[in-house]
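Good morning. I would like to take a few minutes to go through one structure, starting from the inside and then turning to pairs of side chains.

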Amino acid sequence: MVLEGNPEVGSPRTSDLQHPGNQGSCVLSSPGEDAQPGEEPIKYGELIVLGYNGCLANGDKGRRRSRLALSRRPHANGVKPDVIHHISTPLVSKALSNRGQHSISYTLSRSHSVIVEYTHDSDTDMFQIGRSTENMIDFVVTDTSPGGGAAEGPSAQSTISRYACRILCDRRPPYTARIYAAGFDASSNIFLGVENESNVLQDGSLIDLCGATLLWRTPAGLLRAPTLKQLEAQRQEANAARPQCPVGLSTLAFPSPARGRTAPDKQQPWVYVRCGHVHGYHGWGCRRERGPQERECPLCRLVGPYVPLWLGQEAGLCLDPGPPSHAFAPCGHVCSEKTARYWAQTPLPHGTHAFHAACPFCGAWLTGEHGCVRLIFQGPLD
């Protein structure tokens with residue numbers, strides 16, 4: 001499924017991609033054909049997995065990571081349709097038995113199948129995405145659990161195809177990227193029940209892999225997003241304002257992303273997500289009759305979740321370099337107002353038929369009337 005966006009990571013539309021079948025924000029890219037030593041290769045765009053705040057829970061390693069930059073390859077490896085066969089016994093076709101011949105088999109009925117043989121295309125680069133760790137997969141993606149992190153354990157059965165999709169990028173300007181359902185397996189074959197459709201990726205397109213959602217950012221779109229250096233400067237500026245707990249009068253500070261998201265430290269800001277009042281951690285105001293996480297704000301008496309605040313660190317998910325003024329409810333991830341309101345109004349795929357707004361940094365379903373809240377800090381009394 002591709003949810004197409006506008007130049008500001010905009011309004012989504014849907015088309016089904018599902019098919020039958022078996023350090024900060026680190027990026028992995030291929031060297032460019034025309035890149036000279038010390039020069040950056042030509043970048044087609046970047047894929048970002050929603051639900052990870054800048055890095056996988058166990059760290060980005062090789063092709064298994066939270067973010068991938070697609071850059072021009074040293075030599076074109078794209079493919080394009082060549083010969084079409086209408087046959088009744090696709091499995092005995094020479095095209096399917098030739099490991100060097102890329103082919104797609106469409107089963108239209110019990111007695112009618114179509115095989116499309118593909119040939120080399122010197123004008124495109126191909127990138128393949130899926131759950132498989134075989135060499136032909138460029139970006140290994142695993143299921144994302146709501147609330148952040150990958151699904152783990154022996155009972156966690158993946159719903160992502162081993163060869164989920166492939167992206168073809170034009171090697172010449174304007175470097176158009178198109179996405180196709182399914183990827184070629186180790187035998188260079190794809191079996192589909194119906195024909196797949198191509199779709200031109202735009203900045204902000206969302207790709208549903210039925211278990212994980214990817215965001216496509218173009219180089220032009222990333223220029224509008226903040227850099228990691230800007231996010232760190234905003235953290236330091238927020239801490240320099242010396243916000244205080246309005247009850248305990250202790251100074252609050254956002255922790256450095258270098259320490260990772262472990263247990264909140266003693267200066268961690270906490271928020272009542274219904275009203276937005278920011279405090280230090282305290283143990284009073286529990287309303288266990290309303291639920292284990294329900295607390296009453298001592299300033300306005302609203303009862304609701306009381307959670308620690310964590311800064312969003314995946315810059316590619318942000319729409320602008322605005323100050324960290326809003327938090328998603330109920331997870332407490334902090335970002336700019338524009339970013340918070342955009343994601344709170346963007347339904348993301350859930351399962352095969354449902355959509356629900358979620359925090360882009362951890363994947364938690366958003367709650368409340370707006371899905372986010374404006375943060376209310378108290379400055380120092382001196």
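I will cover the nonpolar cores, then the aromatic pairs, then the salt bridges.

One thing to keep in mind is that this is a predicted model.

Let us start with the core. In soluble globular proteins, nonpolar side chains tend to be buried together. Here the largest nonpolar core has 24 residues. The members that touch the most other members are L47, L70, I129, V141, I167, L209 and L214. As for where the core comes from, at least two residues each are supplied by β2, at 43-49, β3, at 67-71, β7, at 124-130, β9, at 165-170, β10, at 177-181, and β14, at 213-217. There is also another core, apart from this one, with 23 residues. L319, C335, A364 and C372 are among them.

Please look at one residue of the largest core, I167. You will find I167 in strand β9. Is I167 buried or exposed? Its relative accessible area is 0%, so I167 counts as buried. Which residues does I167 touch, if we set aside those up to four places away in sequence? They are L47, L70, D125, M126, F127, I129, A177, R178, I179 and L201. Take I129 from that list: I129 and I167 are separated by 38 residues in sequence, and their C-alpha atoms are 8.2 Å apart.

Now the aromatic rings. The whole structure has 10 aromatic pairs. One of these is Y281 with Y306, a stacked pair, with 6.3 Å from centre to centre and 25° between the planes. This pair links distant parts of the chain, 25 residues apart. Y281 is in the loop between β16, at 278-279, and β17, at 294-296, while Y306 is in strand β18, residues 303-308. How do the two partners count by accessibility, buried or exposed? Y281 has 52% relative accessibility and is therefore exposed, the cut-off being over 50%. Y306, at 3%, is buried. Both tyrosines also belong to one aromatic cluster, together with W270 and Y272.

Last, the salt bridges. The count comes to 13. I will go through three of them.

In the first example, D138 pairs with R73, and the closest N and O atoms are 2.9 Å apart. D138 sits in the loop between β7 and β8, the latter at 139-140, and R73 in the loop between β3 and β4, the latter at 78-87. The two residues are 65 residues apart, so this pair links distant parts of the chain. Both D138 and R73 are buried.

The next example is R171 with D125, where the closest N and O atoms are 2.7 Å apart. R171 lies in the loop between β9 and β10, and D125 lies in strand β7, so the pair ties together parts 46 residues apart in sequence. R171 has 5% relative accessibility and counts as buried. D125, at 0%, is also buried. We have met D125 before, as a residue in contact with I167.

The remaining example is within a helix. R235 and E232 form a salt bridge, with 2.8 Å between the closest N and O atoms. Both lie in helix α3, residues 228-240, three residues apart, which is about one turn of the helix. R235 is buried, at 11% relative accessibility, whereas E232 is partly exposed, at 23%.

Beyond these pairs, K43, E46, R67 and E314 are linked in a network of salt bridges.

That is the end of my tour. Thank you.

Terms used:
Residues numbered from 1 in each chain as written. Predicted model: local features only at pLDDT ≥ 70, side-chain atom pairs only at ≥ 80, totals over all residues. Heavy atoms only, no water. Core = buried A, V, L, I, M, F, W, Y, C linked by side-chain atoms within 4.5 Å. Buried < 20%, exposed > 50% of the residue type's maximum accessible area, 1.4 Å probe, protein only. Helix = DSSP H or I, 4+ residues; strand = E, 2+ residues; numbered from the N terminus. Contact = heavy atoms within 4.5 Å. Phe/Tyr/Trp six-rings, centres within 6.5 Å; stacked < 30°, edge-to-face > 60°. Salt bridge = Lys/Arg side-chain N within 4 Å of Asp/Glu carboxyl O.
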